[in-house]
Amino acid sequence: MTRIGIILGSTRPNRKGPQVAQWVLDTASQRGDAEFELVDLRDHPLPHLDEPVPPMFGPSTHDHTRAWAERIAPFDGFLMVTPEYNGGAPGVLKNAIDHLFAEWTDKAVGFVSYGVSGGARAVVQLRTVCGTLGMADVGYQVALSVLTDFENHTTFTPRDHHVAALHKTLDQVLAWSAALAPLRAGAETTLIDS
């Protein structure tokens, strides 16, 4: 069965992300067409990228990077739950992405974002980064406003149109994950034959 990682891309105190990520996980898990698992970056603290060579050119030398690679590698696709900080993606999410290369390649990715403007600018940046890594970023996304979609600016209150947008995003992530499976299988065969 297809495995999708839901990456919670914020680690700051008092973050809104856990509510959003749990809603994504709960909604997705009711579908029955894939396995969904939450990956909280708080559980995977990574220093600023400290590998001696870029991830695309060599094996990781640090245990923390190898552990992160082992966590990400089994997934067929991802949903990234991201806030927008100062018009961009959180540094901790970008850093986590930058630590790996092959583990992202030929996998689908969708976005659930939140911020004053729905997190749109964070997603624009992440689409560029993910595309550079050979990921297929899907067109649909869920954009949540911290001004209108959080009661008293603290409690996430998803609306029906958010649920519909999430399902469309999930549909695309699953379709692209399946379509890219032969490429991932070919890459695994190449690594085994090497």
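**View 1. Strands 3 and 4 of the predicted model pair in parallel.** Strand 3 covers residues 77–83. Strand 4 covers residues 108–115. The two are joined by 7 bridges. One bridge links Val 81 to Val 112 of strand 4.

**View 2. Helix 4 packs on the sheet.** This helix spans residues 120–132. Its contacts reach strand 3, strand 4 and strand 5. The direction of helix 4 makes about 160° with that of strand 4.

**View 3. An open sheet is built from 5 strands.** The strand order is 2-1-3-4-5. Pairing is parallel. Strand 2 (35–40) and strand 5 (136–145) stand at the edges. Each has a single partner strand, so one side of each lacks a neighbour in the sheet. From one strand to the next, the twist averages 20°.

**View 4. Trp 23 sits in helix 1.** Helix 1 runs over residues 17–29. The relative accessibility of Trp 23 is 11%. Buried means under 20%, so Trp 23 counts as buried.

**View 5. Trp 23 meets residues far along the chain from helix 1.** Leaving out residues up to four places away in sequence, Trp 23 touches Val 142, Phe 156, Pro 158, His 162, Val 163 and Leu 166. Thr 169 is 146 residues from Trp 23 in sequence. In space, the C-alpha atoms of Trp 23 and Thr 169 are 14 Å apart.

Notes: Residues are numbered from 1 along each chain as its sequence is written. This is a predicted model: local features need pLDDT of at least 70, side-chain atom pairs count only at pLDDT 80 or more; totals for chains, interfaces and linings use all residues. Side-chain values use heavy atoms; hydrogens and water are left out. Two strands pair if DSSP finds at least two bridges between them. Helices (H or I, at least four residues) and strands (E, at least two) are DSSP runs, numbered from the N terminus. Axes are lines fitted to C-alpha atoms, for helices over the stretch in contact, and angles run from 0 to 180 degrees between N-to-C directions. Contact means heavy atoms within 4.5 Å. Buried means under 20% relative accessible area, exposed over 50%, partly exposed in between (1.4 Å probe, protein chains only).
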